[in-house]
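Dear colleague,

I am passing on the structure we spoke about, with notes on what was found in it. Please have it open while you read.

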Amino acid sequence: MENFRFYVPTDVYFGRDQLTHLAEAVGRYGKKVLLAYGGGSIKRNGLYDQVVAALADFEITELSGIEPNPRIETVRKGVDLCRMHEVDVILAVGGGSTIDCSKVIGAGVYYDGDAWDLVVGKAKVGKVLPIVDILTLAATGSEMNRGAVISNMETNEKLGTGGWEMIPKVSFLDPSNTFTVPEYQTAAGSADIMSHLFENYFKRTTGTDVQDFVSEGLMKAVIKNCPIALKEPDNYDARANLMWASTWALNGLTGSGKKGAWSCHAIEHELSAYYDITHGIGLAILTPRWMAYALNDETVEKFAQYARNVWNVQEAVPMMAARIGIQKTYDYFKACGIPMTLPEVGIDEEKLTLMAEQAVAHSTIATDAYVPMDAVAVEGILRECLSESSFV
């Protein structure tokens, strides 16, 4: 296990009716609030009205329309609003996209240059406006971490950034706010959670039993509860377990002390950058094919461990156990209603070579990944995603 810093100061209010604490929580940081949110869902389900009522004594400026893959233009607009209205604190109401956008807005307020500089050069992130969030989608874990991902559609770039000051000060996690999330987004969010766990689980660093066993438990929680939430959207316990798994999958716990690059995320970011697809869907499509690529004589024991501990595979031969685990991963995503080929989400082979090259250029997967990949290997994985696959 490597040395690491684990710093997660987020004050979490988990459960029903926690918005009674919203005014006090936001008020710790000031009275001028940027209320950031995405589409109209929070207005349709009544959450918007609850928030506005709770903050009746505050001065609210609104930034709406934050995209599912938040764009740098929206970040710039938010920075301008914060400066114009001398905002004290940002209240992000939504999923990870809204929170990510708010984080970079918060950093951009204190940066003299263009906000995109903070994305391509995370070292430039310094002071950040305080972030408070109300989570409405279990997926990214942005409610308790220091990362953010922003897209620049002019340059076809989707890149991650981060900074210690970006960690939200307060997060309100009420599972009932996810009751109205559509099946497609519920499944995509669950795939996103699983991918965060996979990316940290499959790394070269050894001696990380705590991180790995926690990851396996969180995977099993998602595997159990996603189908329940799909069948019973208002099942509180299922939604609660998905939400809490999302938070812990990416708050640093499962990845601390482990070195390496994130393989599937590097590739999926190119799919989203060029085709603006749903992030979790792209990850689900890629993951089993990446697993098959990464499975070899050196990695087989870890994949067999995954198959046995997560999927209860009883096969004694490690290589066969590993392949069965990969097949179960693929079948699970498909059973959740996730399209498992690229053509199903509107992607053909036209840009595969370009996206493969960009995935390598925008990451360290060629040197630091669990199993390193050059552009040829990435393109091979993408081509495997053009049609249905079998791994056993």
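What volume does the largest cavity have? The largest cavity has a volume of about 60 Å³, where a cavity is a set of points, on a 1 Å grid over the protein atoms alone, at which a 1.4 Å probe fits but cannot get out, and a volume is the space filled by probe spheres set on the points, joined across faces, edges and corners.

Please bear in mind that this is a predicted model, in which local features need pLDDT of at least 70 and side-chain atom pairs count only at pLDDT 80 or more, while totals for chains, interfaces and linings use all residues. Residues are numbered from 1 along each chain as its sequence is written, and side-chain values use heavy atoms, with hydrogens and water left out.

The lining of the largest cavity, made of residues with an atom within 4 Å of a point, consists of Leu137, Ala138, Thr178, Val181, Thr186, Ser190, Arg239 and Leu242. At least two of these lining residues come from each of α7 (183-201) and α9 (236-249), helices being DSSP runs of H or I with at least four residues.

The second largest pocket, a pocket being an open set with protein on both sides within 12 Å along at least five of seven lines, holds about 290 Å³ of space. Its lining has 16 residues, and Lys203, Arg204, Thr206, Lys302 and Tyr370 lie nearest the centre of this pocket. The elements giving two or more residues to that lining are α8 (209-231) and α12 (300-311).

With best regards
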